[in-house]
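Welcome, and thanks for opening the viewer. Let's walk through this model together, one selection at a time.

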Amino acid sequence: MVAPTTDPIRLAMEIFAGGLGGHIGGVLPDVLEPAVSSHHRNIAHSLVGGGAMVLATYVQLQAHCRTSAARCEQRAAALVGDPAGASRAGWEGLAWHFLAALLVGVAAGYASHMVMDAATPRGIPFVVP
């Protein structure tokens with residue numbers, strides 16, 4: 001578990017990235033399988049496909065991004081005598097934090113799309129129709 005940030009700029013950046021990721025994840029199933037008919041739901045709209053997408057982005061990729069951000073922050077702290085290198089490492093750390101928050105948003109948006117589609121009369125398939 002990653003401790004919550006106390007830096008207001010990083011917090012605002014992560015909120016923005018999470019919201020952007022939520023939008024992307026919310027439309028992603030229909031980008032992958034456009035709604036050309038009411039029978040458009042296949043693997044990207046399935047319980048297994050959606051679950052795999054959410055688990056992959058949230059658990060694996062997001063954890064990798066958080067670990068990479070921590071490494072960059074440690075490198076920035078170690079580069080006290082090199083302000084340019086410390087700044088570069090700090091910006092890299094922010095980019096990793098942005099990507100981590102974006103991925104959390106993508107997972108949440110994708111999951112919400114699945115929940116909303118499951119509530120329709122056609123529902124969503126388990127794997128494929």
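**First stop: Glu14**

Start by selecting Glu14, which sits in helix α1; helices (H or I, at least four residues) and strands (E, at least two) are DSSP runs, numbered from the N terminus. Before going on, please note that this is a predicted model, in which local features need pLDDT of at least 70, side-chain atom pairs count only at pLDDT 80 or more, and totals for chains, interfaces and linings use all residues. Residues are numbered from 1 along each chain as its sequence is written, and side-chain values use heavy atoms, with hydrogens and water left out.

Is Glu14 buried or exposed? Glu14 counts as buried, because its relative accessibility is 15%; buried means under 20% relative accessible area, exposed over 50%, and partly exposed in between (1.4 Å probe, protein chains only). Now show what surrounds Glu14: leaving aside neighbours within four places in sequence, Glu14 is in contact with Arg66, His97 and Ala101. Contact here means heavy atoms within 4.5 Å.

**Along helix α1**

Next, select Leu20, also found in helix α1. Leu20 has a relative accessible area of 34%, so it is partly exposed. Add Phe16 and Ile24 to the selection: with Leu20 they form a nonpolar patch on the surface, with about 260 Å² of accessible area together. Patches are made of residues with over 30% relative accessible area and no salt bridge; like charges are joined within 9 Å and nonpolar side chains (Val, Leu, Ile, Met, Phe, Trp, Tyr) within 5 Å. A salt bridge is a side-chain nitrogen of Lys or Arg within 4 Å of a carboxyl oxygen of Asp or Glu. Accessible areas come from the Shrake-Rupley method with a 1.4 Å probe, and for residues only the protein chains shown count as cover.

Move on to Val27, in the same helix, α1 (residues 8-32). Val27 is partly exposed, with a relative accessible area of 38%. Try a distance between C-alpha atoms: Val27 and Gly109 are 82 residues apart along the chain, yet separated by 7.8 Å.

**Into the core**

Select Ala44, Met53, Val106, Tyr110 and Met114, which make up the largest nonpolar core. Such a core is a set of buried Ala, Val, Leu, Ile, Met, Phe, Trp, Tyr and Cys residues joined through side-chain atoms within 4.5 Å. Helix α3 (residues 83-118) gives the most to this core, with three residues. Centre on Met53: not counting residues up to four places away in sequence, Met53 touches Leu28, Val106 and Tyr110.

**Zooming out**

Finally, show the whole chain, with its three helices and zero strands. Of its 129 residues, 34% count as buried.
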